[in-house]
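Colleague: I should be grateful for a close look at one strand of this structure and at what surrounds it. Please explain the reasoning in a way that a first-year student can follow.

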Amino acid sequence: MTVREIRLFGDPVLKTVSDPIDEIDDRVRSLVADLLDSVQVPGRAGVAASQIGVNLRAFSYNVDGEVGYILNPVLVEVSGEPELIDEGCLSVPDLWFKTSRYPFARARGIDLDGNEIEVSGTGVLAQALQHETDHLDGLLYLDRLDKPSRREAMRQVRESSWF
């Protein structure tokens with residue numbers, strides 16, 4: 001089991017748009033294994049490849065006992081009225097802010113055999129799909145906050161022991 005270290009706010013990989021996976025090789029298989037191991041730590045709903053320092057479009061999720069992964073994910077549908085939901089991030093430890101998220105999300109990508117897969121859900125799964133896809137696009141949830149909340153978040157980041 002390889003639980004990889006999570007990269008923290010300020011690491012340039014977190015602000016980099018991830019490259020698509022063009023070939024499923026041993027490196028990608030190893031990445032998926034590490035993502036699956038890393039997301040099974042208690043309290044984790046998702047881990048994007050960029051959060052473990054790999055600039056490829058892949059993430060794992062662990063919501064309500066369902067653990068999985070998706071390669072080259074694309075959000076193909078979000079619906080419902082966006083809601084302000086308490087959100088945190090492993091890359092920004094101990095900070096939680098109200099973030100606007102759609103109550104339903106559907107992501108499409110591929111599995112390790114190159115087959116098209118789709119993951120969809122509501123609640124925490126919808127939030128995780130949106131959050132992890134953002135990571136692969138070089139966005140942190142902090143980027144989605146309104147100006148006063150973002151200002152407060154950045155103050156808390158600067159004052160944190162991990163920054």
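Modeller: This is a predicted model, and the part to consider is strand 2, which covers residues 58-63. Five of its six residues are buried, so strand 2 is largely enclosed by the rest of the structure. Here a residue is called buried when its relative accessible area is under 20%.

The neighbouring strands come next. Strand 1 (residues 46-48) runs antiparallel to strand 2, and three bridges join the two. On the other pairing, strand 2 and strand 3 (residues 66-79) are also antiparallel and are joined by six bridges. Tyr61 appears in both pairings: this residue of strand 2 stands opposite Gly46, and it also stands opposite Gly68 in strand 3. Strand 2 and strand 3 form a hairpin with two residues between the strands, and in this hairpin Asp64 takes a positive phi near 55°.

Beyond the strand pairing, one may turn to the charged side chains. The whole structure holds 16 salt bridges. One of them links Arg106 with Glu118, whose closest N and O atoms are 3.2 Å apart. Arg106 belongs to strand 6 (residues 104-110) and Glu118 to strand 7 (residues 116-122), so this pair ties together parts that lie 12 residues apart in sequence. Glu118 is partly exposed, at a relative accessible area of 41%.

A further example is the salt bridge between Arg155 and Glu159, with closest N and O atoms 2.6 Å apart. These two residues are four apart in helix 3 (residues 147-159), which means that about one helical turn separates them. Arg155 counts as partly exposed at 32% relative accessibility, whereas Glu159 counts as exposed at 57%.

Technical notes
Residues numbered from 1 in each chain as written. Predicted model: local features only at pLDDT ≥ 70, side-chain atom pairs only at ≥ 80, totals over all residues. Heavy atoms only, no water. Buried < 20%, exposed > 50% of the residue type's maximum accessible area, 1.4 Å probe, protein only. Pairing = 2+ DSSP bridges. Salt bridge = Lys/Arg side-chain N within 4 Å of Asp/Glu carboxyl O.
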